[in-house]
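Visitor: I should like to request a close look at a single part of this model, the place where chain meets chain. Please then follow the description from there into the surrounding architecture.

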Amino acid sequence: MRGLAWSRVQLLLAAALLLAVLAALCTGAFFFPPAQVLRFAGQSLGLVAEGEDTFERNVFLMLRLPRVLLCGLTGATLGLSGALMQGLFRNPIVEPGLAGTSSGAALGASIVLVFGGEATAITAPLGAAAVPAMAFAGGLAATMLVYRIASVFGKTDVLALLLAGIAVNAACNAGTGFLSYIARDPQARSITFWNLGTFTTANWPGTALVAAIFLPCLLIVLRQGKALNALMLGEDDAAYLGLDPDRLVFRLLVLNTLIVSVATAMVGVIAFVGLIVPHMVRLLRSSDHRFLLPASALIGATLMELVDVLARLVIRPAELPVGIITALIGAPLFLYILLLHRRRLAG
Amino acid sequence: MTLCRRDVGLLLLGAGAAGLLPGGARAAAGNRVVCVSKQINEFIFDIGAQSHLVARDLTSIQPPQIRRLPSVGYHRALSAEGIISMRPSVLLTDGNVGPEPVLAQVRSVGVPIETMEPGTTPESAQALMLRLGRYFGRDAAARTVVTRWRGEMARALADMRRFAGKPRPRVLVIHFGQLNNSYLGLSRGGPADAIVAWAGGVNAVGQVGGMARLTPEIIAAAAPDIIIATDVGYDRYGSAERFRSLPGIALTPAGKSLAIHRIFESEIMYFTPRTPAALRKVAGWLHPAR
């Protein structure tokens with residue numbers, strides 16, 4: 001892959017994502033042959049006459065399709081966010097959860113799961129949307145708190161941000177831990193499952209919301225590749241190149257918080273993807289952000305689709321939480337790429 | 001003995017379901033039922049309506065034959081596609097199911113969801129059995145099961161009267177919560193507490209409602225004379241001697257005298273036609289013949 005031009009690699013990655021999406025559309029508790037998937041698409045566009053398989057079509061259009069799309073969007077979100085955060089903090093072990101977003105979201109969700117939607121006046125009218133709404137509020141609040149604490153030490157002090165993130169994460173985790181401790185058994189189980197992440201609850205409104213937030217943010221972030229490269233030199237040097245590092249970091253962190261909060265609110269906490277995907281991209285080709293950012297989004301989405309296919313197949317017709325599988329296959333995959341890279345450097 | 005009689009009953013009822021006996025051909029439940037409640041699943045087998053079942057939840061493992069059916073997952077972490085792929089005529093629940101959006105998805109593709117309140121007293125459990133009888137078109141079978149159940153329950157309770165004047169041992173019922181890897185004490189309210197009281201015992205952790213998370217100090221302070229552990233938690237140790245190594249237990253009278261017994265979760269966590277037999281078993285442990 002090293003010999004190929006960036007654009008070629010991007011095309012290859014896009015093709016891989018397309019294949020993964022197709023596989024995800026076809027497989028699961030229901031198996032839809034590719035020809036049937038195409039026919040459903042044709043029927044929805046009015047190109048093909050209605051068939052006799054209306055039930056299958058309903059399952060495909062109402063359950064499978066939004067799920068596959070939400071899954072891809074979430075993977076892309078986590079991959080992009082990982083690349084973005086590692087760039088902003090100039091630290092390769094940073095992941096999207098570090099700024100408090102995931103743990104804050106988990107705390108918000110746990111409050112609803114333990115006390116019910118009626119617990120607060122705000123969530124009562126939301127019904128089933130109370131969990132994602134509170135998760136979003138929790139994720140946002142925790143991340144804002146992290147930035148607020150860090151800004152006491154000076155706006156662009158990344159070390160202060162990391163440390164504040166660790167502190168807020170610990171506090172949120174303690175809150176979630178306390179809630180699951182006092183919870184009755186079924187509620188405690190709901191918290192555990194939420195913390196493992198799942199795409200089972202995917203529906204069109206949720207998927208549309210994630211897409212509406214993520215896609216514009218993606219376009220904005222992709223244009224900042226060059227600026228992020230400059231930032232890698234250090235904030236002072238970036239300033240000499242005519243950038244305003246404070247403004248850049250702040251703007252990108254706001255976008256990052258937004259996309260991660262929305263995705264986490266919909267699917268729960270999915271660890272590891274945001275951490276390893278950018279490393280995969282770096283090892284594959286380059287750490288230039290103009291390449292790293294889009295490639296991380298593509299690989300993140302592909303990986304997530306494949307993981308979700310596994311989650312749906314392993315104990316069919318039941319499902320595993322995806323969070324279990326991301327770590328299970330993510331870790332060895334990551335190690336394999338790392339070893340490959342080592343060998344290449346040695347040879 | 002009870003198991004044998006039950007198996008014969010099941011065979012007879014199964015034969016009925018297979019069409020050897022008239023009636024029950026047109027059940028409101030339809031022929032492809034996915035049921036995600038262990039109590040209801042057991043009852044469905046009791047009335048011989050198991051031929052209607054096509055899938056169960058992960059925790060429904062009684063009677064053992066039910067394990068042949070595919071599992072659609074944990075009842076609080078269901079997935080819509082898994083359920084729908086069974087092409088169910090109905091999804092039967094006891095209300096303890098989730099997540100909520102999944103239920104909405106199941107409804108949205110036209111699969112009806114029927115929720116039946118779980119039986120939390122012998123009377124309401126018997127009412128549930130009768131309701132299932134009507135629902136599956138097996139009225140007569142359900143009435144037979146309930147009549148026998150009531151009779152056995154009344155006789156078992158009458159037999160318990162002879163322990164009325166006897167000293168009441170302190171009993172700790174320990175259920176292992178697989179989720180948090182923690183041992184829970186079954187306290188006031190619920191079937192375990194009732195069974196212990198009928199058997200002439202005192203619940204050693206009866207001060208709080210529901211399940212209490214056990215710490216070594218709570219166990220020691222509860223000072224039970226007898227410990228009854230549900231199967232999963234007991235089997236992690238495998239014997240009373242090893243179960244005693246759990247922190248706090250060795251300090252209790254039950255630990256010292258090795259009065260530690262194993263019981264199936266299904267015998268003590270909800271009321272079923274097996275409750276009278278379970279009650280006699282527990283009473284036997286509480287009042288050993290000298």
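Guide: In this predicted model, the contact between the chains involves 23 residues of chain A and 30 residues of chain B. On the side of chain A that touches chain B, the elements giving two or more residues are α3 and α7 (185–196) of chain A. Of these, α7(A) provides the largest share, seven residues. Sorted by class, that side of chain A has eleven nonpolar, seven polar and five charged residues.

Helix α3 of chain A, one of the contributors just named, also leads into the interior. The largest nonpolar core has 145 residues, and those with the most contacts inside it include A:L70 and A:A109 from chain A, and B:V34, B:I47, B:I83, B:M129 and B:L132 from chain B. The largest share of this core, 16 residues, comes from α3 of chain A, which spans residues 54–88. Apart from neighbours within four places in sequence, A:L70 is in contact with A:F199, A:A202, A:G206, A:T207, A:V210, A:M266 and A:V267. A second core, separate from the one around A:L70, has 36 residues, among them B:Y183, B:I260, B:I263 and B:I268.

The residues of chain B named in the largest core direct attention to the strands of that chain. B:V34, one of the residues with the most contacts inside the core, falls in strand β1 of chain B, residues 33–35. Strand β1(B) is joined to β3(B) by three bridges, and the two run parallel; B:V33 has B:V90 as its bridge partner in β3(B). Strand β1(B) also pairs in the parallel sense, over three bridges, with β2 (residues 53–56) of chain B, where B:C35 stands opposite B:R56. The path from β1(B) through α2(B) to β2(B) makes a right-handed β-α-β unit.

Strand β3 of chain B covers residues 90–93. B:V90 and B:L92 point one way from β3(B), B:L91 and B:T93 point the other way, and all are buried. In a regular strand, side chains alternate between the two faces of the sheet. Strand β3(B) pairs in the parallel sense with β4 (residues 113–115) of chain B over three bridges, and the bridge partner of B:T93 in β4(B) is B:T115. A right-handed β-α-β unit is made here by β3(B), α4 (residues 100–108) and β4(B).

These strands lie within domain 1 of chain B, which covers 2–148, while domain 2 covers 166–281. Between the two domains, twelve residues of domain 1 are in contact with eight residues of domain 2. Helices α2 (38–46) and α5 (122–135) of chain B each supply at least two residues to the side of domain 1 that touches domain 2. With four residues, α2(B) gives the most to that side of domain 1. By class, the side of domain 1 that touches domain 2 has four nonpolar, five polar and three charged residues.

One further residue of chain B merits a brief remark. B:A141 is placed in helix α6 (residues 139–160) of chain B, and B:A141 counts as buried because 25 other C-beta atoms lie within 10 Å, the criterion being 20 or more. A distance of 33 Å separates the C-alpha atoms of B:A141 and B:G200, which are 59 residues apart along the chain.

Key
Residues numbered from 1 in each chain as written. Chains lettered and ligands numbered in written order. Predicted model: local features only at pLDDT ≥ 70, side-chain atom pairs only at ≥ 80, totals over all residues. Core = buried A, V, L, I, M, F, W, Y, C linked by C-beta atoms within 7 Å. Buried ≥ 20, exposed ≤ 12 C-beta atoms within 10 Å, placed from the backbone. Contact = placed C-beta atoms within 7 Å. Domains from an automatic or database assignment. Nonpolar A, V, L, I, M, F, W, Y, C, P; charged D, E, K, R; others polar. Pairing = 2+ DSSP bridges. Right-handed = clockwise from strand over helix to strand, strands pointing away.
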